[in-house]
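Reader: I'd like to go through the labels on this one and see what backs each of them up. Can you take me through the reasoning?

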Amino acid sequence: MNITEIIQIHQGVFSKIYCLPNGIKKTVAYYTPFQSVSIFDGDSAEVWQTIFEDKGSLDRAYNYILKNGVFEGKDKEQEARSILLGFIEQLKASFLVSWDGDRPPLVNKPTLNPLIAPEKDILAFMSEHHIFHNLCVELTYRCNERCLHCYCPSGEQNKEITVENFSKLIDEFEAMGGFNLSLTGGEILIREDIEDIFKVLIGKNIVVSIISNLTLLDDNKLDLISKIKPRSVGVSIYSAIPEIHDSVTGVKGAFNRSLDAIKKLRGKNIPVVIKTPLFNKTVDGYRGIKELATRLECEYQFDLNIIPKHDGSSDNTNLRIMNDKAILDIFNDSPTNVYFSDELMTKGTKKELCQTICGAGQTGLTISPYGNVRPCISLAKSIGRYPEHSLAELWESTKLKEAVSGLKIEKFNQCSKCPDLDICTPCVGTWKGKDIPDSYTCFLSELKRRNQTKGGLV
């Protein structure tokens with residue numbers, strides 16, 4: 001039997017192998033249409049990665065097992081073949097390959113459960129070993145909407161990153177082991193050269209997430225996004241009632257244009273995540289968002305944080321929800337879908353004083369449209385500029401190390417002594433450069449504690 005002819009790696013599978021300093025090897029594999037993630041260790045990591053790199057050919061994988069396997073009988077070749085075939089069945093169950101002519105699974109709705117997804121494990125070992133894994137690129141601060149809560153600076157006319165420099169950036173990112181790329185703005189589709197930017201990503205072994213209001217999506221852009229095979233396209237929908245959504249964006253008809261675009265993306269089996277920053281004007285309609293997402297076969301996320309503007313002003317934070325009952329209702333109704341600055345507000349984890357208070361600069365960087373590099377999208381602390389400095393220089397720079405060191409919990413006196421530390425979801429970027437939390441962070445932690453005391457889920 002010539003097994004090399006009957007294995008097919010599904011379109012939308014991306015995989016990266018990491019060799020850790022202790023000699024352990026890990027492979028992270030995504031099947032983006034399902035938003036599923038698999039982690040392989042040791043020999044399994046090696047075997048899967050050879051299959052992936054060889055586009056389904058099994059020769060190297062078989063020879064690796066033959067050389068490194070532990071066999072019980074005399075017929076090593078047959079045992080190696082049996083081990084390989086059993087491993088392929090596991091790959092099939094993980095949606096990574098088709099076996100013996102099977103078709104890839106049909107995609108109806110993304111299946112990612114953020115409470116059990118292995119990405120916490122991924123980020124943990126990336127952070128522990130200072131591996132550059134994530135890159136967020138703000139392609140523009142320009143936008144065709146005028147959202148009430150927007151944190152992006154307005155009126156700036158600086159030169160945005162060129163397609164040539166973007167392509168160079170992606171090559172450097174891949175070479176350093178980078179795997180997760182987020183494209184955001186502003187509104188990225190407003191860029192006249194966005195199609196050329198998308199073309200850079202086609203065929204790359206990078207898991208791409210796109211954030212857009214989608215009102216400018218046309219057939220050409222849709223086709224290119226489909227070829228990228230993104231992990232998800234995130235779109236901000238503020239209410240299931242068109243008039244309320246449009247009043248937030250300041251653009252009449254924005255809801256219907258976004259909705260039409262979501263339907264087109266789902267028609268091509270592209271996962272869509274409806275991202276809803278909730279604030280005092282929209283919180284009563286959160287169940288309508290859930291129903292809308294279910295109807296459109298999308299995931300949904302509620303974010304309770306309103307990030308202060310990059311220009312230093314915080315007028316927009318007056319939009320934050322201060323209604324105890326409304327927040328507790330959301331906690332209990334949608335515990336796996338509530339976020340704070342894109343961090344899932346789960347029950348929390350044990351934190352040590354020597355740890356950093358948040359994940360900024362631990363596994364990735366953010367680059368502004370004008371090349372300013374920051375530890376994360378919320379933290380307005382530049383550590384350098386791209387392309388004046390390479391990604392490798394920036395990742396190993398003294399400025400980044402100093403910025404991350406300054407985020408250790410022990411340096412935040414109020415937080416280090418707080419009984420709610422382990423259930424808190426802090427975002428230093430929202431504290432406007434201060435070493436004390438803003439009152440809203442503490443307010444939410446108190447609500448979480450109160451909710452847990454009463455037997456709540458969050």
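Reader: What makes Lys 25 and Glu 46 a salt bridge?

Author: This is a predicted model, to begin with. The side chains of Lys 25 and Glu 46 meet at 2.5 Å, N to O, and the cut-off is within 4 Å, so the pair counts as a salt bridge. Lys 25 sits in strand β3 and Glu 46 in helix α1, 21 residues apart, so the pair links distant parts of the chain.

Reader: Why is Glu 46 called buried?

Author: Its relative accessibility is 18%, and buried means under 20%, so Glu 46 gets that label. Lys 25, at 26%, lies between the 20% and 50% cut-offs, so Lys 25 is partly exposed.

Reader: How do you know that the length of α1 agrees with a helix of 12 residues?

Author: At 1.5 Å a residue, α1 (residues 42-53) should span 16 Å, and its end C-alpha atoms are 17 Å apart, which agrees. Right after α1 comes Lys 55, with a positive phi near 55°.

Reader: What about Glu 53 and Arg 60: why is that a salt bridge?

Author: Their side chains meet at 3.3 Å, N to O. That is within 4 Å, so the rule is met. Both residues count as partly exposed: Glu 53 has 44% relative accessibility and Arg 60 has 40%.

Reader: And what makes Arg 142 and Glu 160 part of a network?

Author: Start with the pair: 3.1 Å, N to O, so the 4 Å cut-off is satisfied. Both lie in the loop between β6 and α5, so the pair ties together parts that are 18 residues apart in sequence. Salt bridges that share partners then join Arg 142 and Glu 160 with Arg 191, Glu 192 and Asp 193 into one network. By the rule, the count of salt bridges comes to 21.

Reader: Why are β2 and β4 said to stand at the edges?

Author: The open sheet has the order β2-β3-β4, with antiparallel pairing. β2 and β4 each have a single partner strand, so one side of each is left without a neighbour in the sheet. β2 pairs with β3 over seven bridges, and Phe 14 stands opposite Tyr 30 in β3.

Reader: How do you know that β7 is largely enclosed?

Author: Four of the five residues of β7 (residues 180-184) are buried, so the rest of the structure largely encloses this strand. β7 also runs parallel to β6, joined by five bridges, and to β8, joined by four.

Methods
Residues numbered from 1 in each chain as written. Predicted model: local features only at pLDDT ≥ 70, side-chain atom pairs only at ≥ 80, totals over all residues. Heavy atoms only, no water. Buried < 20%, exposed > 50% of the residue type's maximum accessible area, 1.4 Å probe, protein only. Helix = DSSP H or I, 4+ residues; strand = E, 2+ residues; numbered from the N terminus. Pairing = 2+ DSSP bridges. Expected span 1.5 Å × (residues − 1).
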